[in-house]
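These are my notebook entries on a single protein chain. I recorded what I looked up, entry by entry.

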Amino acid sequence: MKMLSVRDLSVAFGGVLALSEVSFDVAEGEIVGIIGPNGAGKTTLLNTISGLSRASQGEIHFAGTRITGRRPTEIAALGLGRTFQMSQLFPGMTVLENVMTGLHLRTRASALAAAFRTRGMRAEEEEAAGKAWQALAYVGMERFAHRPGTELSFGQQRIVEIARTLVSEPKLVLLDEPAVGLSVTRVAELDGLLRRIRDERGVTFVMIEHVVRLVMDVCDRVVVLNYGMKIEDGRPEEVSANGQVIEAYLGSGFDAARRSS
C-alpha cells in the first residue's frame, strides 16, 4: 500500500523554483531518506507535504487522501506527524507537558471546560499525561519527564520531539535531521529506535538527514535532490554508487561512505 505519493511537485517562492516536478512514492512501513546538498529543496519538500508551504504544481496523496493545499492541522489529523530542523520544544513547559501537546488534536474538552477546570477536563489531562509518559518511556526519556524541556541537550530534545509525535499515533512521520546534535553512540541508538517504532507500531518514516551512516543503515530507500530536482531514487547501495549523486554530494562524506561499505 502507498502511504505517500508525490507527483510532479513544484514549489516556487517569488519566481525562484525551490522544487521542480519531483515525484516519488513511499510504501507503508518504509523508512525513506531524503538527501542532497544544502539548498536542494529538502525542507521545502517536507513543508509542502505537511501543508506549511503551498505547491505551485503537482499532487500529494497521503494514505489514499489527496492533501494538496490542505491546512497543516487537517493533514496532521489524518495521521501525519512532523519534527523540525530546529528544536520546537516550548519554553516554560516540562518535558512531559511538551509531549502532551502532541495530543492537542485529540482533546475533547471545550474551551469553557478548560477555563473552569471541570472534572472531564481533569480526567482528560490525566489521560494525556499517562500517554505522554508512556511515549517518553518508549524512547527512554521518562527520567527527564519533570525537567524543563529547554534545559535538555539539543540531541535529547530531538528524541523528546519524536516522543511527542508518537502520542498522536501517526501513520507517517516526517523527520527533519533527527540526528543533529547526537553523538555516534546516540546515532546508533536512534537507528535502533526508528526501526523499533516501524516494526512495533507500523509507523512509516520520511527523513532528511546529513549523517550518511544513519541513512545508509536505516533507510529502505533514498531519494536524492539537487537544485530542487530529483536525481536518484533507489536502495542505499544503488544511490551510493551513482556518480551523479557522488558529484552532487562531493565533500559531504557520501563517497567515503560508499568506499568503506
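**Entry 1: surroundings of R82.** I began with a contact search in this predicted model. With neighbours within four places in sequence left aside, R82 is in contact with T43, L46, N47, S50, L52, T165, L174 and D176. I then looked up where R82 sits, and found it in strand β6, which covers residues 80-82.

I next asked whether R82 is buried or exposed. Its relative accessible area is 13%, and because the cut-off for buried is under 20%, R82 counts as buried.

For the polar partners I checked the side chain of R82. One polar contact, of 3.0 Å, goes to the side chain of N47. Another, of 3.1 Å, links the side chains of R82 and S50.

**Entry 2: helix α1.** N47 led me to helix α1, which spans residues 42-49. I asked how many of its eight residues are buried. The count is seven, and the helix is accordingly described as mostly covered. The buried residues are K42, T44, L45, L46, N47, T48 and I49. N47, the polar partner of R82, is thus listed among the buried residues of α1. Just after α1, I noted that G51 adopts a positive phi of about 95 degrees.

**Entry 3: the sheet that contains β6.** I followed β6 into its sheet, which is open and has six strands in the order β6-β7-β8-β3-β9-β10, with mixed pairing. β6 and β10 (229-234) are the edge strands, each pairing on one side only. On average, neighbouring strands of this sheet are turned by 15 degrees against each other, direction ignored.

Within the sheet I looked at one pair in detail. Strand β3 (residues 31-35) pairs with strand β8 (residues 204-208) in the parallel sense, over four bridges. I asked which residue of β8 is the bridge partner of G33. The partner is M207.

I also looked for a helix packed on these strands. Helix α7 (residues 184-201) lies across β3, β7 (172-176) and β8, and runs at about 150 degrees to β8.

**Entry 4: the hairpin of β1 and β2.** Strand β1 (residues 2-13) and strand β2 (residues 16-27) run antiparallel and are joined by eight bridges. L4 stands opposite V26 of β2. The two strands form a hairpin with two residues between them. In that turn, G14 has a positive phi of about 55 degrees.

**Entry 5: G102.** I located G102 in the loop between α3 (95-100) and α4 (111-116). Its relative accessible area is 16%; as this is under the 20% cut-off, G102 is buried. I asked which residues G102 touches, not counting those up to four places away in sequence. They are R164, V167 and S168. For V167 I also took the C-alpha separation from G102, which is 6.1 Å, although the two residues are 65 apart along the chain.

**Entry 6: whole-chain values.** I closed with totals. The protein has eleven helices and ten strands. Of its 261 residues, 48% count as buried. Among contacts between residues at least 6 apart in sequence, 66% join residues at least 24 apart. The accessible surface comes to about 12300 Å², and 52% of it belongs to carbon and sulfur atoms.

How values were computed. Residues are numbered from 1 along each chain as its sequence is written. This is a predicted model: local features need pLDDT of at least 70, side-chain atom pairs count only at pLDDT 80 or more; totals for chains, interfaces and linings use all residues. Side-chain values use heavy atoms; hydrogens and water are left out. Buried means under 20% relative accessible area, exposed over 50%, partly exposed in between (1.4 Å probe, protein chains only). A polar contact is a pair of N or O atoms within 3.5 Å; within protein, one must be able to donate a hydrogen and the other to accept it, and residues adjacent in sequence count only if both atoms are side-chain atoms. Contact means heavy atoms within 4.5 Å. Two strands pair if DSSP finds at least two bridges between them. Axes are lines fitted to C-alpha atoms, for helices over the stretch in contact, and angles run from 0 to 180 degrees between N-to-C directions. Accessible areas come from the Shrake-Rupley method with a 1.4 Å probe; for residues, only the protein chains shown count as cover.
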